[in-house]
Amino acid sequence: MSHPHLDLSAPAPLPAGGLRVIPLGGLGEVGRNMTVFEYDGRLLIVDCGVLFPEDHHPGVDLILPDFDPIRDRLDAVEALVLTHGHEDHIGATPYLLRERGDIPLVGSRLTLALLGSKLREHRLKETAQYEVAEGQTITFGPFVLEFVAVNHSIPDALAVVIRTGAGVVLHTGDFKMDQLPLDGRITDLNEFARLGDEGVDLFLTDSTNAEVPGFTTSEKEIGPVLDRVFAKSEQRIIVACFASHMHRVQQVLDAAVAHGRKVAYVGRSMVRNMAIAQDLGYLTVPPGVMVEAKELGDYPPHKQVLISTGSQGEPLAALSRMSQNNHHFVHLEPGDTVVLASSLIPGNENAVYRVINGLSRLGANVVHKGNSLVHVSGHASAGELLYCYNIVKPRNVMPVHGEIRHMRANADLACATGVENVVLAEDGVVVDLVDGVAKIVGKVDVGYVFVDGTTIGDISEASMKDRRILGEEGFLSVIVVVDSVTGKVVSGPEIHARGFAEEEATFDEVKPLIIEALNASIADGATDSYQLQQVVRRVVGRWVNRAHRRRPMIIPVVIEA
Ligand SMILES: [Zn+2]
Ligand SMILES: [Zn+2]
């Protein structure tokens with residue numbers, strides 16, 4: 001197994017006839033998936049998703065993959081293939097199209113429909129779109145693409161085969177192997193086997209659940225659990241789940257019909273996506289069951305079901321507002337049932353438990369995956385991955401999609417089945433497939449690109465650190481006026497604090513230290529205010545750390561008068 005060493009430098013030019021793989025996101029985190037393939041000077045991109053910010057990204061709305069390594073080669077991009085319609089695979093597409101608007105977009109019917117509504121929201125005009133389905137082949141420049149049906153937690157997901165002069169690549173996208181999916185569309189293992197017989201040179205596989213032993217439970221197992229929850233509930237039921245999980249919503253609709261309840265959607269993305277799913281036939285809505293959210297209140301509580309967004313504790317989503325009792329028309333009553341029919345994405349734990357606590361405080365009965373089987377994963381567990389390696393018999397494996405621990409576990413599975421060459425890479429680590437062997441050949445610089453309000457990429461990791469310090473340690477400003485002729489302190493130091501001890505007297509003991517240090521360095525010949533400000537910062541920093549065990553942000557201002 002080869003590892004992504006920290007001391008890699010920029011890669012040498014790609015040898016003729018070789019295929020280069022440049023992961024720009026998704027290898028090292030669950031989100032912002034984006035992988036670039038390069039052959040003969042041309043580029044193919046698979047997925048372009050977002051990552052949702054965590055507690056240590058204060059004020060950030062979204063995190064994008066870093067387009068920088070391909071920014072000056074966007075003209076060489078033949079196409080962007082979208083494996084499925086999840087935000088972590090399509091969400092950054094509008095930001096890429098802002099840089100080059102005519103990149104051909106390739107995806108299944110549902111994927112392109114979900115993307116289309118996103119592009120309209122971003123006011124991007126019609127783009128070149130190629131709708132594809134399993135079994136189909138389409139060529140872009142030197143890349144011959146073929147698509148394979150895979151089962152996942154959103155309908156119409158595809159794996160992609162990329163054929164070039166360098167060999168055959170199979171990229172699973174996100175997938176699992178539910179043998180009894182609601183729509184009967186299983187991961188096409190026949191095709192995986194046929195590709196295996198042909199010879200797969202490089203197999204990129206979803207690592208998300210590689211640490212989970214055994215097999216992922218079938219989506220159908222949730223139906224009877226929902227049925228029991230509905231049978232027990234005497235008042236209103238609110239189900240929160242992903243706004244893209246059409247099969248989960250289908251099971252909630254079916255349970256509502258079985259128990260004679262009416263259903264309404266709450267949350268903009270839920271309303272929008274379910275309309276698309278219904279139009280395209282991915283969701284079957286029994287007649288007479290749906291009502292507008294605002295009309296649901298006309299029915300008695302035991303006849304109501306709300307299907308809502310916000311299962312990840314997103315502060316602005318409907319469920320979070322309900323948990324704080326400030327949703328504009330849904331007000332929870334004691335005895336209402338709230339079902340969180342969703343996963344807990346790593347990093348969202350605190351936010352989700354905050355919501356569960358808020359709901360509990362309001363008297364709701366909260367059903368979640370911690371106390372009931374109301375969620376199954378959309379990703380293949382270790383057992384399914386082993387099957388895949390044995391069926392595909394790839395020459396080289398490159399785990400994708402996951403934190404490093406997930407990718408490491410996936411790599412171990414591949415090794416256990418006898419795969420000879422497993423390449424463990426992270427974002428920015430460049431892998432070349434040359435003469436049938438995949439190798440790490442270098443690293444390109446990639447960072448996190450933060451979307452904050454209307455700015456994209458203007459917020460650096462350094463300002464993120466400033467925000468964390470401000471949030472956790474507070475802020476101190478120190479103003480001193482120095483006579484420019486005599487070098488004597490003529491006014492101050494004046495100290496102001498926020499988020500720190502705000503008692504004025506606290507600072508009395510440091511003021512003489514500041515004056516003393518300034519006088520000493522002026523006597524040593526320090527003259528410009530920048531140097532003097534550094535002196536003030538050091539003295540105050542040392543004092544505050546020693547006396548208060550804190551490291552607030554310190555802003556020294558030395559004015560020469
Ligand atoms: Zn994903
Ligand atoms: Zn997915």
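Buried here means under 20% relative accessible area, exposed means over 50%, and partly exposed is whatever falls in between (1.4 Å probe, protein chains only). The model is predicted, so local features need pLDDT of at least 70 and side-chain atom pairs count only at pLDDT 80 or more, while totals for chains, interfaces and linings use all residues. As for bookkeeping, residues are numbered from 1 along each chain as its sequence is written, chains are lettered from A and ligands numbered from 1 in the order in which they are written, and side-chain values use heavy atoms, with hydrogens and water left out.

On the overall picture: the protein has 561 residues, and 55% of them count as buried. The C-alpha trace spans about 85 × 70 × 45 Å along its principal axes. The secondary structure comes to 14 helices and 26 strands, taken as DSSP runs (H or I, at least four residues, for helices; E, at least two, for strands) and numbered from the N terminus.

Now for the metals. Donors are N, O and S atoms within 2.8 Å of the metal (3.2 Å for Na, K and Ca), and since water is not among the atoms, sites may look incomplete. The zinc ion (ligand 1) picks up Asp 88 (OD), His 89 (NE2), Asp 174 (OD) and His 401 (NE2) as donors, at 2.1 to 2.2 Å. Along the chain, these follow the spacing D-H-x84-D-x226-H. Asp 88 counts as buried because its relative accessible area is 15%, and His 89 is buried too, at 1%.

The zinc ion (ligand 2) is held by His 84 (NE2), His 86 (ND1), His 152 (NE2) and Asp 174 (OD), at 2.1 to 2.2 Å. Asp 174 thus appears in the coordination of both ions, which sit 3.3 Å apart. In sequence, the donor residues of the zinc ion (ligand 2) run H-x1-H-x65-H-x21-D. Within this set, His 86 and His 152 tie together distant parts of the chain, being 66 residues apart: His 86 is in the loop between strand E5 (77-81) and helix H1 (87-90), and His 152 in the loop between strand E9 (143-150) and strand E10 (157-164). Both of these histidines are buried.

What about geometry? Four donors count as tetrahedral if all angles lie between 85 and 135 degrees; four count as square planar and six as octahedral if opposite donors are over 155 degrees apart and all others between 65 and 115; anything else is irregular. The site of the zinc ion (ligand 2) is irregular because its four donor atoms subtend angles of 91 to 167 degrees. The site of the zinc ion (ligand 1) is also irregular, with angles of 85 to 158 degrees. For reference, the ideal angle for four tetrahedral donors is 109.5 degrees.

Away from the zinc ions, helix H5 (residues 222-232) has Ile 222, Val 225, Leu 226, Val 229 and Phe 230 buried. Seen down the axis of H5, these buried residues fall within an arc of 135 degrees, so they line one face of the helix; the arc is that of the directions from the helix axis to the C-beta atoms. The face turned away from this buried side carries the exposed residues Arg 228, Ala 231 and Lys 232.

Elsewhere, Ser 323 belongs to helix H8 (residues 318-323) and is buried, with a relative accessible area of 8%. The C-alpha atoms of Ser 323 and Arg 361 are separated by 8.4 Å, with their positions 38 residues apart along the chain.
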